[in-house]
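Colleague: I'm new to this one, so could you walk me through it? I'll ask, you answer.

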Amino acid sequence: MAKQVQVKTLKINGVDVGGRGDQTILQVAREHDIEMPTLCHIEGLSDVGACRLCLVEVKGINKLIPSCTTLVEEGMEVTTNSERLAKYRKMVLELLFAERNHICSVCVSNGHCDLQDLARLLGVTHVRYPYRYPRLSVDASHQRFVLDQNRCILCTRCVRVCDEIEGAHTWDVMGRGIEAKVITDLNQPWGSSETCTSCGKCVQVCPTGALSEKGKSVAEMSKRRQFLPYLTTMREERE
Amino acid sequence: MKAERPSDDKRWRLVDATMRRHGHEPNCLIEALHTVQESFGYLEKDALRYVALSLRVPLSKVYGVATFYHFFSMKPQGKHTCVVCMGTACYIKGAQNLLDSVRSRMVVEPGDTTSDGQLSLLTARCVGSCGLAPAVVIDNKVLGNVTESRLSETLGRSVEHEL
Amino acid sequence: MSSEGSVEGAADPGGDGKTHSLNVCVAAGCLSSGSEKVKVALEDAVKSHGLEHECKVKGVGCLGLCSKGPLVSVEKENVVYQDVEPGDAAEIVESLGKEAVTRLKCDMESPFFTRQTKIVLENCGIIDPERIEDYLAADGYEALSKALTQLTPHDVVDQISKSGLRGRGGAGYPTGLKWSTIAKSVPDSTGRKFVICNADEGDPGAFMDRSVLESDPFRVLEGMAIAGYATGASQGYIYVRAEYPLAVKRLRTAIRQAEKSGYLGANILDTTFSFRIDIRLGAGAFVCGEETALIASIEGKRGTPRPRPPYPAEHGLWGAPTLINNVETYANVPAIIRHGGEWFASRGTEKSKGTKVFALAGRVRNTGLIEVPIGITLREVVFDIGGGVPDGKKFKAVQTGGPSGGCIPAEHLDMPVDYETLSRVGSMMGSGGMIVADETSCMVDVAKFFMEFCMSESCGKCIPCRVGTAQMYDLLCKITSGQASMQDLDLLIELCDMVKSTSLCGLGQSAPNPVLSTLRYFRSEYEEHILNKRCPAGVCKMSNEVVHNG
């Protein structure tokens, strides 16, 4: 049974736009071709509001608001492109590049990487913070896939796709803070996981070279994500 | 999948009792982990697997929860524990020096256990005995207004005389 | 009874007709000073003097002056003995009804005792926290009974709103407003709403909640039950730190006794109101003080916060409307209902009503638990009640608000302690930790201490907090080891702004505060470290010194 959803009118960057009451600011903005950088968001999975790239200013609220988890409201006045936001977004990316070992020139995802694309888009040309150079592992124990912790940005797309779409919940995050990392099962080699179905969805949604297919060389790993909106639509139909 | 007790150890009954009290609801995961740690002293992988299967919680989720909370330990503790409180009041009153002194005297790093398994050295965010700062907890007993000499004397009494 | 709650004003708690009662503090502070042995020695002395019928020895909660423990109070006589040893027992027992033992007496006329106003702590140090009879004799459950029999839920919310009570967890959100939102929200599909007590006291340097739970646990249960009645919830949870085993034990005992006596459970006081309380143990995660993280933790998950809205008031525990207040907030409720909101509102300042409990610690003579009217000056707290800085050292700053707060310098000592003023000077009320630092503390080192705390307590979900705190910590290490440049200071300041503005939850949003406040008042200390490679307080080990000396 379709619920009655009200239409809301609001302003984004001074332009009048309309959206349904159950849509997020991000959805409405993208429907109106307003660009918004995102990393943890991916169409078809739940949103967590973690990467902070899609923060926007809303008139009357003194905090910045994540557009991926905030529903539109009548009369809202949203700014997505202020100088302040641009500065923070660049800083978010700088922090990510400094956090682990992102060496594009030797990465399987070079040229097909969401992080790299965003850096180019937002004009991050160098990183002003000291690189932390953590010592991190590469897990190649799975027959078909590789997990390279050096490239992981903890967006948790893999965790969510495995839980919400595949239903296996092989992935989760262990530890916390700067020590957090993604794991399979009881923090064991991926190849020894009892729950992994080897469906590969996690690899396809991964924004960077953290998850890749075996046998791909530098710059060869491009991700195929069309399955996600397809599966989501098919499941909605069935309900 | 039916969960089977990892061993005949009677302490599993305590873990079962906690889970039963909560109707084996997945949301009692943390309570169950508390009981495991209380009964066995730490969280072993077998225990995590058992709790995961009993409560129907994914393995990775159990591991994620167990490592998120600092109260849980994945390593067995020494026979004795020495917790140096690093809360603000203790820090201002010289807790760092106390920690350094135990570290060098007992040759153990915070979070680790001496090679003979006698003493685990731990730090705490705050044990809430700020009025008696600096505070150290040795084998669950709080010592207040600790000085380096008093600490080494107490440690000597409770740990070293058994060697 | 006297609302000022002096030791004198106590009722005869046991109602057992004994003339004297020796109250031994068995809260955590005095216990670790050896009060259990003192209690045994006093019991023996009472027996050996054949006074079993005239005098009882009772374990009570916090008497406040932790630095002078073990403490023993002589009930109804306004006498508190300090630094008591088992060997003093006979002398104390012999003096009953006569002149008190002068050499052990605390000065009850000292500001530490006379400047306090007790509402939350009115029973602390007077009742036996493990006996509901003691609580009942001290007007316990009078408020719940009044609420259930004379007031509608709406009336209760009204009284709380009138009282002007604000959340004592730190942010100071008006409690009445919060209650009325949950009272109005629609229960979930199975008719549920929840009341949660946040007892995961996480600020390092704070032990107010612990003391209240250890000294007067029934009070918190009563406050929660009243909240349940007012908001339409029938289930409550207390989320309490596993690191506080004594508080957990006393809470369990209190819940059991309250259930047995009909103050918890089905049909409380033979009304249609039913309310249960369960305990959930925290497991050592500061971020679980954030309400959405706390809810995740009660649900058995990793304690990571989620963006709000939706707020817990609409979508909280298991999706149902949920009220979350902290221990001290609930502990204020019974007194407000008993005496009326206006009575409460007559204390404090225009915008911040009532009293606040502080844990006074650090470089100050009298350390312990105090309750003062909001609006008192910092100078009165530190120098009158606290007795000033010992060992002839000079006062430097007082830290309030824990890792989310800031350091307040001497120039602001005469400002009133209230929510607005504290945040105006770059700190915050916080949950009530108040730590005094003297000239032997380096303020950059203090900032580094808190940043290390925030870094390791960050849940890791959002990037600004996860990586930003680590970068800020590294920069502070660089400064305190004499290796930083002024550009590093600029980077630090820029990161402070970014982490504050973009983090997902309160932990990250307030993590830069200790840096910002020390920069504001002690910038010269930063510059001294950077430009002259010198730590004015002599705390930080400069790497160039090591090289130089070596």
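Colleague: Let's start where chain B meets chain A. How many salt bridges are counted between chain B and chain A?

Modeller: Keep in mind that this is a predicted model. Side chains of opposite charge can pair when their charged atoms come close. In this interface the pair is Glu194(A) with Arg49(B), whose closest N and O atoms are 2.6 Å apart. The count between chain B and chain A is one.

Colleague: And which element of chain B gives the largest share of the side that touches chain A?

Modeller: Two elements of chain B supply two or more residues to that side: α3 (45–55) and α4 (59–68). The side as a whole divides into six nonpolar, four polar and three charged residues. The largest share is seven residues, and the element behind it is α4(B).

Colleague: What area is buried between chain B and chain A?

Modeller: The size of an interface is often given as the accessible area lost when the parts come together. Here 13 residues of chain B are in contact with 15 residues of chain A. Carbon and sulfur atoms give 59% of the buried area, which is about 1,200 Å².

Colleague: Which residues of chain B lose the most area to chain A?

Modeller: The area buried between the two chains is about 1,200 Å². On chain B's side, three residues together make up 42% of what is buried there. They are Leu59(B), Ser60(B) and Tyr63(B).

Colleague: Let's turn to chain C and chain B. What area is buried there?

Modeller: In this contact, chain C brings 51 residues and chain B brings 31. Carbon and sulfur atoms give 58% of the buried area. The value is about 3,300 Å².

Colleague: How many residue pairs are in polar contact across the interface of chain C and chain B?

Modeller: Salt bridges come up here too, and the rule finds two of them across this interface. One of the pairs to look at is Arg125(B) with Glu457(C), where the closest N and O atoms are 3.2 Å apart. For polar contacts, both residues have to be at pLDDT 80 or more, and the number of pairs is 20.

Colleague: Which element gives the most to the side of chain C that touches chain B?

Modeller: Several elements of chain C supply at least two residues each, including α1 (28–32), β6 (235–241), α12 (291–298) and α17 (443–457). By class, that side has 23 nonpolar, 16 polar and twelve charged residues. With seven residues, the element that gives the most is α17(C).

Colleague: Which residue of chain C forms a salt bridge with Arg132(A)?

Modeller: Arg132(A) sits in the loop between α3 (114–122) and β6 (138–139) of chain A, and the pair crosses between chains to helix α18 (residues 463–480) of chain C. The closest N and O atoms are 2.7 Å apart, and the partner is Asp474(C).

Colleague: Now for empty space inside. How many charged residues line the largest cavity?

Modeller: A search of the whole structure finds ten cavities of 30 Å³ or more, and about 100 Å³ of space lies in the largest. Its lining is made of 13 residues, with Cys152(A), Cys155(A), Cys158(A), Cys206(A) and Ala210(A) nearest the centre. By class there are eleven nonpolar and two polar residues, and the charged count is none.

Colleague: How many strands does chain B have?

Modeller: From the N terminus on, the elements of chain B run α-α-α-α-β-α-α-β-β-β-α. That comes to seven helices, while the number of strands is four.

Colleague: Which residue of chain B, other than glycine, has a phi near 50°?

Modeller: Look in the loop between α6 (95–106) and β2 (119–124) of chain B. The phi there is a positive value, and the residue is Val107(B).

Colleague: Last one: where in chain C is Pro310(C) found?

Modeller: Pro310(C) is joined to Pro309(C) by a cis peptide bond with omega about 0°. The bond from Arg308(C) to Pro309(C) is cis as well, with omega near -5°. Pro310(C) is found in the loop between α12 and β8.

Key: Residues are numbered from 1 along each chain as its sequence is written. Chains are lettered from A and ligands numbered from 1 in the order in which they are written. This is a predicted model: local features need pLDDT of at least 70, side-chain atom pairs count only at pLDDT 80 or more; totals for chains, interfaces and linings use all residues. Side-chain values use heavy atoms; hydrogens and water are left out. On a 1 Å grid over the protein atoms alone, a cavity is a set of points where a 1.4 Å probe fits but cannot get out, and a pocket is an open set with protein on both sides within 12 Å along at least five of seven lines; lining residues have an atom within 4 Å of a point. Grid points are joined across faces, edges and corners, and a volume is the space filled by probe spheres set on the points. Ala, Val, Leu, Ile, Met, Phe, Trp, Tyr, Cys and Pro count as nonpolar, Asp, Glu, Lys and Arg as charged, and the others, Gly among them, as polar. Contact means heavy atoms within 4.5 Å. Buried area is the accessible area (1.4 Å probe) that two parts lose on being put together, summed over both. A salt bridge is a side-chain nitrogen of Lys or Arg within 4 Å of a carboxyl oxygen of Asp or Glu. A polar contact is a pair of N or O atoms within 3.5 Å; within protein, one must be able to donate a hydrogen and the other to accept it, and residues adjacent in sequence count only if both atoms are side-chain atoms.
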